[in-house]
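The exercises that follow are meant to be worked with the sequence and the structure open side by side. Each one gives a task and then a solution that proceeds step by step.

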Amino acid sequence: MAHRRPGAGGPRMSAVRLGPRSLLSLALVSAVGVIAFTWPFLAPPASTLNAHAQDAPWLFAGLLVLLVAVVAATISESGLGAKAVAMLGVLAATGAALRPIGAGTAGIEPMFFLMVLSGRVLGPGFGFVLGSVTMFASALLTGGVGPWMPFQMLAMGWFTMGAGLLPGRSGLRGRTELVLLAAYGFLAAFAYGTAMNMAGWPFMGTLASHIAFDPDAAVPANLARFIAYCVATSLGWDLGRALVTVVLTLTLGPYVLKALRRATRRAAFETAVTFEDR
């Protein structure tokens, strides 16, 4: 007969914990990711990297290998059980199914609110895995596989992990928590859009010379071009994404949070199971 070993305060609400190896891998991927996103502002005008600007998407697509390594390290080190894998699969499939709903409609992307609430309940480790896997599944579902996909996976992993790092995860409840999550969702939605703009902006070529990346220009000039690029191409979309995330968090958040917390308690991810003969 199976018995659950009682814990001091009941099962913790965390499906994936970040151990030393996972933290090291995540730090490595994040460091490389920051460089991959921001290299136009890090490389001086005379840098040889600027001479290969059009090849960079394929070079930085190697991030996908590191992302997979992080996910594998996180899962193996945490001892992710069947119940946590099942929840990961359900949430990733739901998020991937929600993403195409807003295709072609500015900012209607309901998957972002689900990622915020899931990361909040299940913690930063689960959040990073969920965000990355969801974006990967979404890319396969929508046919959006390309050199941009590793950037999307990393940005969404950061986005979801950030929700799990917000303060008061074990004690903050009610309207205050919803406002906190809505504020985070609003700001993080803009941050996600800005990061993806930064990933694609250097590769515009001559499509729009006055806002495209100029390898020969100084950092302040390119920064001004990048701001103009964001305003001209994605400000409306990012604002729509942020507002949709806020509205869904404030309206559906209480019910989704309650369901996720109930499922996490019943799954008791970190409660050890022992067997005794009778």
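A salt bridge is counted here when a side-chain nitrogen of Lys or Arg lies within 4 Å of a carboxyl oxygen of Asp or Glu. The model is a predicted one.

**Exercise 1.** Determine which side chain meets E177 in a salt bridge at 2.5 Å, and establish where the two partners lie.

Solution. Step one is to apply the cut-off: the side chains of E177 and R261 meet at 2.5 Å, N to O, and the limit for a salt bridge is 4 Å. Step two is to place the partners, and here E177 belongs to helix α7 while R261 belongs to helix α9, so that the pair links distant parts of the chain, 84 residues apart. Step three concerns exposure: both E177 and R261 are buried.

**Exercise 2.** Find the salt bridge in which E177 meets R120, and decide whether each of these residues is buried or exposed.

Solution. The side chains of E177 and R120 meet at 2.9 Å, N to O. This pair also links distant parts of the chain, since R120 sits in helix α5 and E177 in helix α7, 57 residues apart. For the exposure, buried means under 20% relative accessible area; E177 is therefore buried, because its relative accessibility is 2%, and R120 is likewise buried, because its value is 0%.

**Exercise 3.** State how many salt bridges a search of the whole structure finds, and analyse the one between E109 and R241.

Solution. The search finds four salt bridges. In one of them the side chains of E109 and R241 meet at 2.8 Å, N to O. E109 lies in the loop between α4 (82–98) and α5, whereas R241 lies in helix α9, so the pair ties together parts that are 132 residues apart in sequence. Both E109 and R241 are buried, and with D238 they are linked in a network of salt bridges.

**Exercise 4.** Identify the residues that gather in a patch of positive charge on the surface, and classify the exposure of R173.

Solution. The patch of positive charge is made up of R173, K258, R262, R265 and R266. To place R173, look to the loop between α6 (149–164) and α7 (174–200). Its relative accessibility is 36%, and R173 therefore counts as partly exposed, a class that runs between the 20% limit for buried and the 50% limit for exposed.

**Exercise 5.** Describe the nonpolar patch on the surface, and explain why V231 is classed as exposed.

Solution. L223, I227, V231 and L235 form this patch, with about 350 Å² of accessible area together. Helix α8 (residues 219–233) provides the largest share, three residues, and V231 has its place in that helix. V231 is exposed because its relative accessible area is 53%, and exposed means over 50%.

**Exercise 6.** Locate the loop residues P147 and S234, and decide whether each is buried or exposed.

Solution. P147 lies in the loop between α5 (111–142) and α6, and with a relative accessible area of 14% it is buried. Between P147 and A199 there are 10.0 Å in space, C-alpha to C-alpha, although the two are 52 residues apart in sequence. S234 is found in the loop between α8 and α9 (235–267), and its relative accessible area of 8% makes S234 buried as well. Once its neighbours within four places in sequence are left aside, S234 is in contact with N197 and Y229.

Terms used. Residues numbered from 1 in each chain as written. Predicted model: local features only at pLDDT ≥ 70, side-chain atom pairs only at ≥ 80, totals over all residues. Heavy atoms only, no water. Patch = residues over 30% accessible without salt bridge, like charges linked within 9 Å, V, L, I, M, F, W, Y side chains within 5 Å. Areas by Shrake-Rupley, 256 points an atom, 1.4 Å probe, with all protein chains shown as cover. Lys, Arg positive; Asp, Glu negative; His and termini not counted. Charge placed at Lys NZ, Arg CZ, Asp CG, Glu CD. Helix = DSSP H or I, 4+ residues; strand = E, 2+ residues; numbered from the N terminus. Buried < 20%, exposed > 50% of the residue type's maximum accessible area, 1.4 Å probe, protein only. Contact = heavy atoms within 4.5 Å.
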